[in-house]
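User: I'd like to go through this structure with you and ask where the descriptions come from. Can we take it step by step?

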2 protein chains.
Amino acid sequence: MPLRIAERAPEAHDFPLTIGHLLDAALISSGDQEIVYRDQSRYTYRAFRGRLGRLASLLAGLGAEQGMTIAMMDWDSHRYLEAYFAVPMMGAVLQTVNVRLSPQQVAYTLNHAGAEILVVHHDFFPLVDAILPMLPKVKAVVAIMDGSDGALPAYAKGEYEALSAAASPDFPFVDFDENAVATTFYTTGTTGDPKGVCFTHRQLVLHTLAANAPFGVTRARGLGVDDVYMPLTPMFHVHAWGIPYVATMLGIKQVYPGRYEPKMICDLHQAEGVTFSHCVPTIVQMVIAVADQTGAKLDGWHMIIGGSALTQALWREGRQRRLSLIAGYGMSETAPMIAICHDRPGADGSEEAEMAALTMAGVPVPLVSARIVDADMNPLPHDGQARGELVLRAPWLTPCYTGNPEASEQLWRGGWMHTQDVASIDAQGYIQIRDRLKDVIKTGGEWIDSLTLEDLIAGTPCVAEVAVIGVADARWGERPIAVIAPAAGIVPTLEAINAPLAAAVARGEISRYALLDRIELVDTLPKTSVGKIDKKALRARFAQQPATMPTGKMLSAAV
Amino acid sequence: MPLRIAERAPEAHDFPLTIGHLLDAALISSGDQEIVYRDQSRYTYRAFRGRLGRLASLLAGLGAEQGMTIAMMDWDSHRYLEAYFAVPMMGAVLQTVNVRLSPQQVAYTLNHAGAEILVVHHDFFPLVDAILPMLPKVKAVVAIMDGSDGALPAYAKGEYEALSAAASPDFPFVDFDENAVATTFYTTGTTGDPKGVCFTHRQLVLHTLAANAPFGVTRARGLGVDDVYMPLTPMFHVHAWGIPYVATMLGIKQVYPGRYEPKMICDLHQAEGVTFSHCVPTIVQMVIAVADQTGAKLDGWHMIIGGSALTQALWREGRQRRLSLIAGYGMSETAPMIAICHDRPGADGSEEAEMAALTMAGVPVPLVSARIVDADMNPLPHDGQARGELVLRAPWLTPCYTGNPEASEQLWRGGWMHTQDVASIDAQGYIQIRDRLKDVIKTGGEWIDSLTLEDLIAGTPCVAEVAVIGVADARWGERPIAVIAPAAGIVPTLEAINAPLAAAVARGEISRYALLDRIELVDTLPKTSVGKIDKKALRARFAQQPATMPTGKMLSAAV
């Protein structure tokens, strides 16, 4: 048996990894540091600490107690940050509600989580109006009027700021078991009901510590005392990637943009000196578009990109505007940080090398163990070539899908968490996501990486958006087709789309089987509720259907 | 009750915070990265992992098992790093032996810890020869010949490299309770037997994660993938401040200097591109002296300084040579990282401001809660003025002094760990150590900070080393005297020594009661076994003794 400490000083402090302790050092160093909400309000970390006590007091006044689930429906705000801390710190569970789901799905997630108190921004009153009769467990609703002078709904117990002002800042927060559940939220696939994941205090504290480490590893960039942080990922989505917890732990200035409005976001960047954000590629494109229209400068703004692949085309667009884009990798089940990109040690310093390194999925952060495996869970080599399902271990992975033992068992089959992403890993630990397991395309016995093809095609000027899917083919098993939303005013041709692919074949980067013999044009690509391209819908539409535009003959060079 | 997760996937991986997991991400990203030993050997992280298995196998072959204490006596080496990992990873306890203690004290610590296997560098054979008869529990000794072709001592079971080469790299490391003890070592005061502290796997993993965070906070400097790390603190001394664990977790290049030889250290810096070290001020002085003699460049070398205060004079000497010095704070009981300096947010960018910020004790790292308290444990304000004993909470503080319940109880009196350092804390969290509790000087009702006086006096060209102590005084209660080792060829006068103090009085920085009316000259200042100035010895020598050189009258301006 390993040795246990048999003795302890009677008064030795037992230190649980609870979320409240993330504030300990921050409150010593950063009492005067600011937290900003849009152009509407700002206060200090010292005031923030008082508001955590007030929020806990007001919730307790509405009947909140340890173990109860309290649901938040708000845009990215200082109030959301307050809920990130105060609700778990009082021993309750914070449900971060995905307000983009259908009303039926939102009701399903609230009931499934057993939420008893709702904290709701007035933009979501119509949603709550529609579903409240379906929520028998809810016993109190707090309204967030956010400066609006509209009327409180009849079902609201009061308004957030008014209730907060009347509540005591001295809530008696106590320590408790670090394995208590702190947060829960729901992840949606393209099939079935949303699935609930949950994370404990211990998991989130460890995630915060480890998620911070890679910023130190990134030669180009460490999150530092002079940084100003602004999330551009919905705070209901996987703890806004956990970075609000990191920023608060480090005591740096934070800016919350509220409802995403491109001009407001650019204005806040400029007025508050924002240096660090994270978002999906769509938001970057939106920010770039606004900046190009208004002449806003994007210099010195570092963004972690996730959710979808960071294409090299988008990376270049960022670089041209001195916007620094760095890809990361994670998912709802992983809290989410698993990997983040950094400059490759020993690289030649060229922009090409930098771009290649920063647009991978990333290198695992500390305490993450990552493997690629075949269907029988045999590990595959990390040679940058072999492809297998990425499976993970880390201290902050959800232990289950709440109340869904079958899905939980599949998630953890063989003692590793299954990502359902097909990836390769190279000798320097760079993970490259090649495909979703369910989206893989096999043609003529060769695996085609749809994400690689999409990245190459996205660099073509005539393409606004692209998805590559596999469709059944009598001769080849499957063939890839590219579904393209054209850029305004230019009609893509098969030849134009195949040009970058042929170049990549010539460079030996992709198989010649990847050359396309069919493309499809659409106005926009269908998206899931979290903004990802819905390939299932695309396959349903195009797999069985004859081509809608003339397809080329399969290029003889390709087969 | 906070909610516990009631369900778990049957195969969900339970992730203990054990030291072996620090390697998980590093082995994925840095298999080809190097670990270097002097100019003698180098190998990859991949080989390092194999050597951990071999070391565990060879120790198991000598009877090592879980819970057993295994003691290391070596210079700073790759072998020591191997022991940092392999011994705890096999569930045994690593004792890092302070080889600078007297033979009797070394024997005391080995017996007290119950060490059963010793791993000993040949430089310490004479020490082991002398004490082995006093060590009845020791059942095996492994000799480190380190390239020497001397004979193995009769009591050695074999040589480290030979035994390692013959052992299997596939030791079956298993996971176990993160609260198992991983390391133990002994701290010496100036009185009594050395006191044992111990740290668990959980504590060291959390320390590693949190100790890494501030490198990200330091605007000037993050530990990054292109850094090359070389410890210049003995590895027996508080895990070499925990940085070998951080460097390994991050997978960066590491260089181990062996026995400290100034020329070797400067050569390794140059040949291996060392960018990051940590040491006590004495080592910096030694490195600077060698560089000045040999013309070696110190550019781009960042050093964390602890153990004793980083004086502004030394900081300037470093800056003149482009050597970047940053103070940190910790102690044996704290694993050790508690605080580290960084540039002050919002500072004016001047060198003076930078120096002032980087020569404090530091700002608390994440998860550290720090207070200054009066004798009744009442917290004092963080205004940069109020002085009280610094007390701490953090997840990695020793829970006791092994087998010493009285000292343990004192250490944790009131539920906070007592540092016995008198400090102030300012609004931005910068801790300034003013004195040791036992060294405080009170004169005319005013507290005098001996460390502040020492810093001011150290800037005088005629001073090589200085210590300020209090001696009893009939009229004033106590009076400070400065004990000075003069710089070669210059005899300090009371007037010269008082000049910088008078300037500081004029600037309002120190009390006029601090002006000296007595200085004492010595050849060198007496040091403790860990190289700190032994003020107890100085007080014993000078408190009762008449002044050895003419003292001035107490300056009328001062009283």
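Analyst: Sure, here are some questions and answers about the chains and how they touch.
This is a predicted model, where local features need pLDDT of at least 70, side-chain atom pairs count only at pLDDT 80 or more, and totals for chains, interfaces and linings use all residues. Residues are numbered from 1 along each chain as its sequence is written, while chains are lettered from A and ligands numbered from 1 in the order in which they are written.

User: Why is chain A called as compact as a globular protein of its length?

Analyst: The yardstick is the globule rule, 2.2 Å times the number of residues to the power 0.38, with the radius of gyration taken over C-alpha atoms. For 559 residues the rule gives 24 Å, and chain A has a radius of gyration of 24 Å, so chain A earns that description. Its C-alpha atoms fill a box of roughly 75 × 65 × 45 Å along the principal axes.

User: What makes a residue of β9(B) count as buried, and how many of its residues are buried?

Analyst: Buried means 20 or more other C-beta atoms within 10 Å of the residue's own (12 or fewer is exposed, in between is partly exposed), with C-beta atoms placed from the backbone. In β9(B), six of its six residues are buried. Both faces are covered: K195(B), V197(B) and F199(B) lie on one side, with G196(B), C198(B) and T200(B) on the other. In chain A, 53% of the 559 residues are buried.

User: How do you know that β8 of chain B pairs with β9(B)?

Analyst: Strands are DSSP runs of E, at least two residues long, and helices are runs of H or I, at least four, numbered from the N terminus. Two strands pair if DSSP finds at least two bridges between them. Here six bridges join β8 (residues 181-187) to β9(B), and the two run antiparallel, so they pair. T184(B) stands opposite C198(B).

User: What makes I431(B) and Y329(B) a contact?

Analyst: Contact means C-beta atoms, placed from the backbone, within 7 Å. Beyond its neighbours within four places in sequence, I431(B) is in contact with residues including Y329(B), A339(B) and L390(B).

User: Which residues does the contact between the chains take?

Analyst: The contact takes 77 residues from chain B and 77 residues from chain A. On the chain B side, α7(B) gives the largest share, seven residues.

How values were computed. Two residues are in contact if their C-beta atoms, placed from the backbone, lie within 7 Å.
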